Amino acid sequence: AKTVTYDFNVSWVMANPDGLLERKVVGINGQWPLPVIEVDKGDQLVVNMYNGLGDKNASIHFHGMYQNTTSNMDGANMASQCPIGPGSSFTYNFTVDQNGTYWYHCHTDFCYPDGYRQALIVHDSDAYFADQYDEEFTVTMSDWYHDLVEDISFLSLYNPSGAEPIPSAFLFNDTMNSNLAVEPGKTYLIRLINIGAFVGQFFYIEDHTFKIVEIDGVYTEPTEADMLYIAVAQRYAILVTTKNSTDKNYPIVTIVDSDLLDTIPEDLKLNSTNWLEYNASAAHEQAVITYDVSSDIVPFDDITLVPADHMELLPEPDLEINLTVSMNNLRNGNGYAFLNDISYTAPKVPTIYSVMSAGTLADNATVYGEYTHPMILKHNDVVQLVLNNADSGSHPFHLHGHNFQVIDRAPAYGEHFYDYLAGDPVPFDPSNHTAFPAMPARRDTFVLPPQGYYVIRFVADNPGVWMFHCHIDWHLSQGLAMVMIEAPNKIQETHHIPDQAYEVCRAAGVQYEGN
Ligand code: C2O
């Protein structure tokens, strides 16, 4: 193991990723797209971040990193640290004890859709598929906005219809003109990451099936598929073998999940097979290739994936948490989102610092304030989380600090994408659902179906303060979040908050006892 150090001087730079509009984006060391972080398992990752934005708070969350004993390096605004204000610096420093495909992104209010997000790859020469490919690529996909996020956020919050902002464009590797140059008869490992803020995308390669070998950092039994649905924050690694001849190029297609868009923007349309595609006849300054994907192609169902380590279904839970998602626009036209009628509001002091200073009271949820929706988990408890959705939109939920077993979901996958408006919310009924998978899929971000439910299990074996939230950034800002405080006494024993963290708080004007 080695130490890998990155110096990130964060500042605004100009970029024109869709060829339609140049705008300012969050750059690192004067560059955008941002540098990909690459490490090996066991490495110490050090990122020295300086916020040179001048007018905006920032932080870095390393999405999917377990941060064992370093929950205070998790980058989540006011859960694991204070916002890093303009002119402040913060050094992230933690051991990477896992493999696979991850990403990093800003995790203060509204900053990653302005471009502050990129891949984080943990290479593994011992992966079971390491000798099965010739070369690897990382492909990010994202929704893109011509407006600065703070302008969009205003619309999103003061918005009686509740409609989310409509993306201006969709990017592959931060551009609309990307090609992967491949050779005939070779096998490629392609790492797919949705680094967007909102929209899930279907992924497809013309005339090629592929093998899934990893989801969200969890190796899977090699599993054949020809289309994936990738919600924001989800990752897949796939093996693709090219044809032996060179007489044709094959489009790699992502298709926007139109169910998420409240209106279809004018340069997109539903095609004859009901997929959303570019509308070539609409005024558009850029030549766009349209592509008809057969409606017979069905996205792969992630719940059927078997982890390569064959980890078995966890035993009956010690703790079951039942949550219901709802969206509401009742308060003066401002949109709010709720888990069990609580709309998350950031605390005045980062939750982990409250844990550290609360002494023996740390396992008392009232210490953390009702509106952070704190949930105390006991060390090594099996936790079952049942998420019911009273809303008619899907929500990609992410749990920090863990992956989890995916043990049940309704409605079924096909209905989720094409038929959900027919039904009333389906509440989870444990008595009807005894046949959970023997070796459930594990991942760190799942799609909660519209008006359906999702059930996950995990072991609370990673003491820390972990956010659980919808990864649609507009919904996070509307409060679709809560905080898990896992084994508070163990957090106190295993964590050390460096002085720099308190300096960042002081600079940001966050006051608390002991500061
Ligand atoms: Cu990538 Cu709190 O999330």
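Which residue in E8 is the bridge partner of aspartate 40? In E8, that partner is histidine 123. The rest of this report builds the picture around that pair.

## The model

This is a predicted model, in which local features need pLDDT of at least 70, side-chain atom pairs count only at pLDDT 80 or more, and totals for chains, interfaces and linings use all residues. Residues are numbered from 1 along each chain as its sequence is written. The protein averages a pLDDT of 90 (pLDDT is the predictor's confidence in each residue, from 0 to 100). A score of at least 70 is reached by 88% of the residues. Where pLDDT is low, the predicted coordinates should not be read in detail. For the complex, the predictor gives an ipTM of 0.99 and a pTM of 0.94.

## The sheet around E8

Helices (H or I, at least four residues) and strands (E, at least two) are DSSP runs, numbered from the N terminus. Two strands pair if DSSP finds at least two bridges between them. Strands of a sheet pair through backbone hydrogen bonds, either parallel or antiparallel.

Four strands form an open sheet with mixed pairing, in the order E3-E8-E7-E5. Strand E3 (37-40) and strand E5 (61-63) stand at the edges with a single partner strand each, so one side of each has no neighbour in the sheet. Neighbouring strands here are turned by 25° against each other on average, direction ignored. The axes behind this angle are lines fitted to C-alpha atoms, for helices over the stretch in contact, and angles run from 0 to 180 degrees between N-to-C directions.

E8 covers residues 117-123 and runs parallel to E3, joined by four bridges. Valine 39 stands opposite valine 122 in E8. Strand E7 (residues 100-105) pairs with E8 in the antiparallel sense, over six bridges. There, histidine 105 stands opposite arginine 117 in E8.

Is E8 mostly covered or mostly uncovered? E8 is mostly covered, with six of its seven residues buried. A residue is buried if 20 or more other C-beta atoms lie within 10 Å of its own, exposed if 12 or fewer, and partly exposed in between; C-beta atoms are placed from the backbone.

## Leucine 45

Leucine 45 lies in strand E4 (residues 44-51). Leucine 45 counts as buried because 22 C-beta neighbours lie inside 10 Å. Not counting residues up to four places away in sequence, leucine 45 touches Val4, Val39, Phe94 and Val96. Two residues are in contact if their C-beta atoms, placed from the backbone, lie within 7 Å. Proline 396 is 351 residues from leucine 45 along the chain, and their C-alpha atoms are separated by 27 Å.

## The core and strand E28

A nonpolar core is a set of buried Ala, Val, Leu, Ile, Met, Phe, Trp, Tyr and Cys residues joined through C-beta atoms within 7 Å. The largest such core has 137 residues. Met49, Ile238 and Ile456 have the most contacts inside it. Leaving aside neighbours within four places in sequence, isoleucine 456 is in contact with residues including Leu385, Phe404 and Phe446.

Strand E28 (residues 453-459) is mostly covered, with six of its seven residues buried. Strand E23 (residues 382-389) pairs with E28 in the antiparallel sense over seven bridges. Valine 382 stands opposite valine 459 in E28. Strand E25 (residues 404-410) is also antiparallel to E28, through five bridges. In E28, tyrosine 454 is the bridge partner of arginine 409.

## A sheet of five strands

Another open sheet has five strands in the order E22-E30-E29-E24-E27, with mixed pairing. Its edge strands, strand E22 (374-377) and strand E27 (445-448), each pair on one side only. Neighbouring strands are turned by 20° against each other on average, direction ignored.

## Backbone angles to look at

Most residues other than glycine have a negative phi, and most peptide bonds are trans. These places differ from that pattern.

| Place | Backbone angle |
|---|---|
| Tryptophan 32 to proline 33, cis | omega near 5° |
| Alanine 410 to proline 411, cis | omega about -10° |
| Aspartate 207 | phi about 60° |
| Asparagine 340 | phi near 45° |

Proline 33 sits in the loop between strand E2 (23-28) and E3. Proline 411 is in the loop between E25 and helix H3 (413-418). Aspartate 207 counts as exposed because it has 9 C-beta neighbours inside 10 Å. Asparagine 340 has 13 inside 10 Å, so asparagine 340 counts as partly exposed.
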